[in-house]
Structure formats: structure tokens, C-alpha cells
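Please open the model in your viewer and keep the sequence panel visible beside it. The tour below moves from one selection to the next and says what is found at each stop.

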Amino acid sequence: MRGSPLHQRPSADPAALPWAGPVTGPAPVTGPVAPAHGYQPGPVAPQPGPAQPVAPQPVPPGAAAGPTAVPSQLPSLDLRGSATRPVVDPQVARELKRQVAAELHQQITRLTLSSGSEPDRATRRQRGRALIEEAVARWSDAYAQTHGIPPTRDQDRALAEAVFDLLFRAGRLQPYLDDPEIENILINGCDDVWVSKVHQPLRQVPPVADSDAELVELLQDLARQHGGGERSLSTASPTLALRLEGGMRLQALTEVTPRPYVAIRRHRVASATLPEMVELGTLDATLAAFLAAAIRARKNVMITGTQGVGKTSLLRAMAAEIPPDERIGTLESEFELWLHTLGHLRQVVPMEAREGNGERVEGRLAGELTLGDLIPAALRMTLSRIIVGEVRSGEVVPMLRVMTNGEGGSMCTLHARGPHMVVDRIAELCLEYGSHMTDSLAYRLTANALDLIVHVTMVDETAVGGRRHRFVSHVLEVTGLGESGRPALNTVFGPRPDLGEPRAVPHTPPQCLDDLRRAGFDASLLGSRYGSWATPLQLRIGGGTR
């Protein structure tokens with residue numbers, strides 16, 4: 001409400017217009033403001049009652065006239081992709097955030113003392129939102145009194161949202177997180193920020209902070225808000241991995257790099273099924289029917305590919321074929337599958353790894369829980385299947401043992417550049433498990449555990465005016481140990497370069513075909529060398545015709 005007595009006077013310039021567009025004349029000052037753009041505030045005598053603007057202070061030659069003389073150019077990208085929202089001066093938003101944070105802390109402290117427990121996140125946000133609205137209203141009143149022109153409702157709303165983002169969300173980074181078309185956000189220091197949209201190459205965008213120190217502070221705030229155990233970014237803990245609101249994944253580095261580096265990835269396909277993956281062009285109806293039958297037949301599946309090709313999305317779609325009353329467990333470094341929230345599966349035990357606190361005890365970070373540590377506990381939860389979001393290290397060994405000893409039907413993903421590199425990639429990770437592990441033992445574990453390897457590929461033609469094509473290129477069946485002591489692989493689905501088709505189409509019927517037929521698969525679908533594709537993949541470079 002306007003004129004609220006919450007603060008008798010604002011601690012920042014109430015007459016500075018915090019939106020795009022310079023202010024005519026020098027800006028008056030009523031309280032201490034952090035120096036910005038060469039501006040140095042003068043002393044202010046305490047004033048009782050509501051805030052009143054005072055005479056302008058002199059500005060040194062060459063200095064900015066105030067916080068709004070150099071307005072932010074951060075584009076405002078809301079969920080509708082609009083760029084028409086007013087642009088907010090980040091310094092003004094930060095000052096209001098400090099005011100609101102101090103008052104909110106007092107309210108939360110009083111509430112905790114009176115109730116005996118800390119309020120939940122929703123209560124904090126609700127009270128914070130009310131305080132923000134009051135702070136913005138006071139600021140607008142002061143500006144209207146000084147300049148004779150009140151800010152518009154849209155300007156008030158934009159400032160309130162900017163303060164809310166700083167206090168509870170991702171600050172100036174939030175507009176990029178809110179844009180559903182943005183897939184990747186790459187930050188190489190506060191002022192070197194790049195984003196990529198669907199079927200578009202990387203482009204540089206304005207800064208997300210005024211300094212690297214401010215960027216690190218933002219990342220530390222996000223780590224505190226994470227709520228998934230001890231996660232921090234500091235000299236003792238220079239790496240940070242966490243999930244953001246909406247399921248996005250963030251990885252940050254500092255101290256070990258010249259500047260803070262951040263990479264954020266969005267899963268655009270949040271809850272797809274196999275039929276929806278067919279519509280997206282990831283696979284055809286023949287392969288979708290094959291993979292659905294493989295899940296029902298409880299085959300152990302590993303999905304492989306490089307970063308950003310859609311492994312997690314395909315894993316999520318295949319998990320939708322699991323009968324809804326089966327009890328499954330998911331193990332992830334950061335929740336990305338969200339099978340426990342999508343609603344199809346009614347018995348999901350989600351487990352998330354926990355980072356340590358930077359102190360080492362007997363060679364390990366204190367408080368750390370890895371995926372490998374969680375697997376033994378998962379085995380005691382009466383689970384029929386275990387799904388590991390991504391196998392990165394020695395946890396591949398207990399994962400393979402689960403696949404060997406369990407009922408079958410478990411799944412995981414693994415980074416690998418090509419389908420025929422997967423076996424050696426698994427062996428490399430197995431060797432990280434311990435000194436007693438050997439190549440031959442790793443090969444034997446792989447041959448006994450895995451039934452199918454599904455490889456996802458991306459062809460990126462955005463640099464030549466095309467688009468990004470993500471699709472399954474291979475499905476390999478693991479048929480036991482071969483003569484050389486390595487797992488034998490059978491190409492069930494693969495590309496046909498002679499037909500200009502890089503996507504997976506039928507090649508050789510699998511040895512487990514009878515199991516799939518019992519699960520409802522129509523074996524006659526494997527008779528078409530083109531699969532269900534109407535035409536070959538249309539590429540700007542390569543491809544072909546039938």
C-alpha cells in the first residue's frame with residue numbers, strides 16, 4: 001500500500017526512475033546509496049515522517065547523474081516471449097531488495113519465535129511479495145512527488161518482479177530461465193553471456209551481473225535455495241551442481257577458473273511419451289513399438305550419446321511404458337527425470353546424491369553421498385526396477401550388478417560419442433571403481449547385465465541455415481561374451497547410408513525377439529528396411545533419396 005510506515009525513508013534514491021530511459025536533470029538523493037558509475041552520494045540529515053525528496057547533490061565531472069543514467073539493457077523475456085516489458089535499472093532493484101530482505105528477516109524471526117518453527121518457503125515468499133509491493137509503492141510515490149509524473153502500472157510491476165527475482169529466484173538471470181525457447185545458457189564471467197534457442201546458434205546477450213563477485217553471490221544464493229543438502233560455491237568447494245526451478249540443471253566453476261563459469265541446460269521435453277517422441281522425429285513408430293515392448297519384457301537398457309542430444313528425455317519417455325503400479329527407484333545427481341511428479345507411476349522412490357561440505361575425512365568429502373552409496377540402500381526398498389539418471393564414474397559397477405541380479409527392466413544413461421565406443425567407455429568407468437577391477441571383469445559384467453544399448457545422435461546444421469536434428473541412430477543388442485572376451489553386439493536398428501538415412505531403421509532381428517513378442521511386439525514390423533519413415537531425413541548437407 002502507498003505511504004506505508006514500514007520504512008520512514010528509503011535507503012536509496014526515491015526519485016530515480018528505475019526503468020529504461022534517462023532521467024532529465026540530476027537525480028535527488030535522500031539516503032546512502034552504494035557508489036555506482038562514479039556517483040558519490042552526499043550526507044543526508046535524518047528526516048522524520050514519510051520520505052521527502054531533497055535538493056539534488058552535485059555530480060563530479062564525467063560521472064553519471066545517478067543510478068539511472070546508465071540504464072540496464074537486459075531484455076525482458078517473459079513466458080510469452082514478449083520483449084515489451086519495461087527494462088529495470090538493476091542498481092535500483094538491488095537497493096529495494098536490500099530493504100525488503102532486512103524487513104523480511106525481522107518478520108521471519110518474529111514469526112519463528114512466536115510459532116516455535118521456521119515458516120515454510122511459500123510463507124516466506126508470500127510475506128516477501130507483500131513487502132516488495134509496499135517498497136515499490138513508496139518508491140513510485142516519491143518519484144511522482146519529485147517529477148510530477150507517476151510511473152505506470154507496468155513499470156511498477158516490472159520493478160516488483162525484478163526485486164522478487166533478486167530475493168527469491170535467479171535475479172537478472174531469471175528472464176532467460178523463463179524463456180521456454182532457450183535451451184542453453186553459457187556464462188563466462190558476468191559480462192560474457194551466451195544463449196542458444198531451439199534450432200538457432202549461440203548468440204551473445206547482455207550481462208547478468210555487474211561484477212564477477214555479484215555473479216558468485218547469485219550462485220551462492222541459488223545454492224542456499226536448492227534445498228537438496230549441502231551445496232555451496234566457495235574456495236573450499238569451487239564446483240556447484242544443482243537443479244533450478246522448472247527442472248533446469250546448473251553447473252558452475254570458480255576459483256579453479258579465471259572467472260566464474262556457468263552452464264545451464266533446459267529439458268524442453270519435460271514429460272514426453274514414446275508416441276510424442278515419434279512426433280518430434282526422435283524415432284519412428286516401429287522403433288517406438290520395439291522399445292515399449294523391451295520395457296514391458298523387462299530388458300535392461302542403457303541410453304548413450306553426447307551432451308544435449310536428448311538422452312534424459314528418451315529415458316523419461318521409455319519410463320512411461322512401465323506399468324503404473326510397479327515400485328521403482330530413481331537415482332540422480334540432480335533431479336531431472338521427475339518421474340515422482342509426472343503422475344504416471346504411483347510407486348516411485350526418488351533419490352538425489354548429496355555433495356560434501358568441503359572437509360575431507362579419510363579421503364572423502366564429509367557428508368557426501370554418491371550414487372554408488374545410494375544403490376545399496378535402494379536395493380532394500382523393495383524396488384522392481386532401478387533407473388539411474390546418468391552414470392558418470394565408478395557407480396557403473398553397482399549399477400551393472402543391479403541389472404545382473406535383479407528382475408530386469410532397469411535403465412540408465414551414459415555419455416559416449418559413438419555406439420561402438422560404449423563397451424570401452426563402460427570398462428573405463430569400471431576401472432575407477434577399485435584396483436581389483438580389470439578389463440575382462442568389466443566386459444563380463446557388461447555382457448551379463450545389459451540387453452540393449454540405445455544411441456542418440458544429433459546433427460546440428462544451424463551454422464548452415466538448417467536446424468538441429470536429434471534422433472536415435474542405433475539400437476545394439478548385447479548377446480553375451482564374444483570370442484575376444486568382449487561383449488558381442490548385434491545391430492538391431494541402425495542407419496542406412498546407402499539410402500541416405502542416418503536414423504535407426506531395422507537391420508537384424510534380435511535374439512530376444514520371442515521375449516518381445518510375448519510382450520506384444522509385432523515382429524513383422526522389422527521386415528521394412530525403411531522402418532516407418534516416409535522419407536529419408538532431410539539434411540542440408542548429406543542425406544539422399546530412395
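Contact here means that heavy atoms lie within 4.5 Å. With that cut-off in mind, and remembering that this is a predicted model, select Lys311, which touches Ile303, Thr304, Gly305, Thr306, Thr413, Leu414 and His415 when residues up to four places away in sequence are not counted. Lys311 belongs to helix H8, which covers residues 311-319. Although Lys311 is buried, no salt bridge is found for this residue, and the nearest side chain of opposite charge, that of Glu390, is 6.0 Å away. Turn instead to the backbone oxygen of Thr306, which lies 2.8 Å from a polar atom of the Lys311 side chain.

**The whole chain**

Zoom out before the next selection. The protein has 14 helices and 17 strands, and buried residues make up 51% of its 546 residues. Of the contacts with a separation of 6 or more, 59% are accounted for by residues 24 or more positions apart. The protein exposes about 24600 Å², and carbon and sulfur atoms supply 52% of that area.

**Two helices and the glycines after them**

Select residues 90-115, helix H1, whose 26 residues should span 38 Å at 1.5 Å a residue; the end C-alpha atoms are 36 Å apart, which agrees. H1 is followed by Gly116, where phi is positive, near 85 degrees. Move on to helix H2, residues 121-147, which has 27 residues and reaches 38 Å from its first C-alpha to its last, close to the 39 Å expected. Just after H2 comes Gly148, with a positive phi of about 80 degrees.

**Salt bridges**

A search of the whole structure finds 33 salt bridges, and three of the pairs are visited here.

Staying in H2, select Arg129 together with Glu161: these residues form a salt bridge in which the closest N and O atoms are 2.9 Å apart. The pair links distant parts of the chain, since Arg129 is in helix H2 and Glu161 in helix H3 (residues 153-168), 32 residues apart. Arg129 is partly exposed, with a relative accessible area of 26%, and Glu161, at 27% relative accessibility, also counts as partly exposed.

Next, select Lys197 and Asp179, which form a salt bridge with the closest N and O atoms 3.3 Å apart. Lys197 lies in strand S2 (residues 193-197), and Asp179 in the loop between helix H4 (174-178) and strand S1 (182-188), so the pair ties together parts that are 18 residues apart in sequence. Are Lys197 and Asp179 buried or exposed? Both of these residues are buried.

The side chains of Arg486 and Asp424 also meet in a salt bridge, at 2.8 Å from N to O. Because Arg486 lies in the loop between strand S15 (468-481) and strand S16 (487-496), while Asp424 is in helix H12 (residues 422-431), the pair ties together parts that are 62 residues apart in sequence. Arg486 counts as partly exposed at 28% relative accessibility, and Asp424 is partly exposed with a relative accessible area of 31%. For a set with shared partners, select Arg94, Arg172, Asp210 and Glu214, which salt bridges join into one network.

**A histidine in a loop**

Select His344, in the loop between helix H9 (339-342) and strand S9 (347-352). At 33% relative accessibility, His344 counts as partly exposed. Which residues does His344 touch, not counting those up to four places away in sequence? They are Ala319, Ala320, Ile322 and Pro324. His344 and Ala320 are 24 residues apart in sequence and 6.8 Å apart in space, C-alpha to C-alpha. The side chain of His344 reaches the backbone oxygen of Ala320 at 3.0 Å, and the backbone oxygen of Ile322 lies 2.8 Å from a polar atom of the His344 side chain.

**Positive phi outside glycine**

Go next to Trp338, found in the loop between strand S8 (327-332) and H9. Phi of Trp338 is near 60 degrees, a positive value in a residue other than glycine, and Trp338 is partly exposed, with a relative accessible area of 22%. For the last stop, select Thr382, in the loop between helix H10 (371-379) and strand S12 (385-391). Thr382 has a positive phi of about 55 degrees although it is not a glycine, and this residue is exposed, with a relative accessible area of 64%.

Note on methods: Residues are numbered from 1 along each chain as its sequence is written. This is a predicted model: local features need pLDDT of at least 70, side-chain atom pairs count only at pLDDT 80 or more; totals for chains, interfaces and linings use all residues. Side-chain values use heavy atoms; hydrogens and water are left out. Helices (H or I, at least four residues) and strands (E, at least two) are DSSP runs, numbered from the N terminus. Buried means under 20% relative accessible area, exposed over 50%, partly exposed in between (1.4 Å probe, protein chains only). Lys and Arg count as positive and Asp and Glu as negative; His and the chain ends are not counted. A salt bridge is a side-chain nitrogen of Lys or Arg within 4 Å of a carboxyl oxygen of Asp or Glu. A polar contact is a pair of N or O atoms within 3.5 Å; within protein, one must be able to donate a hydrogen and the other to accept it, and residues adjacent in sequence count only if both atoms are side-chain atoms. The expected span of a helix is 1.5 Å times one less than its number of residues. Accessible areas come from the Shrake-Rupley method with a 1.4 Å probe; for residues, only the protein chains shown count as cover.
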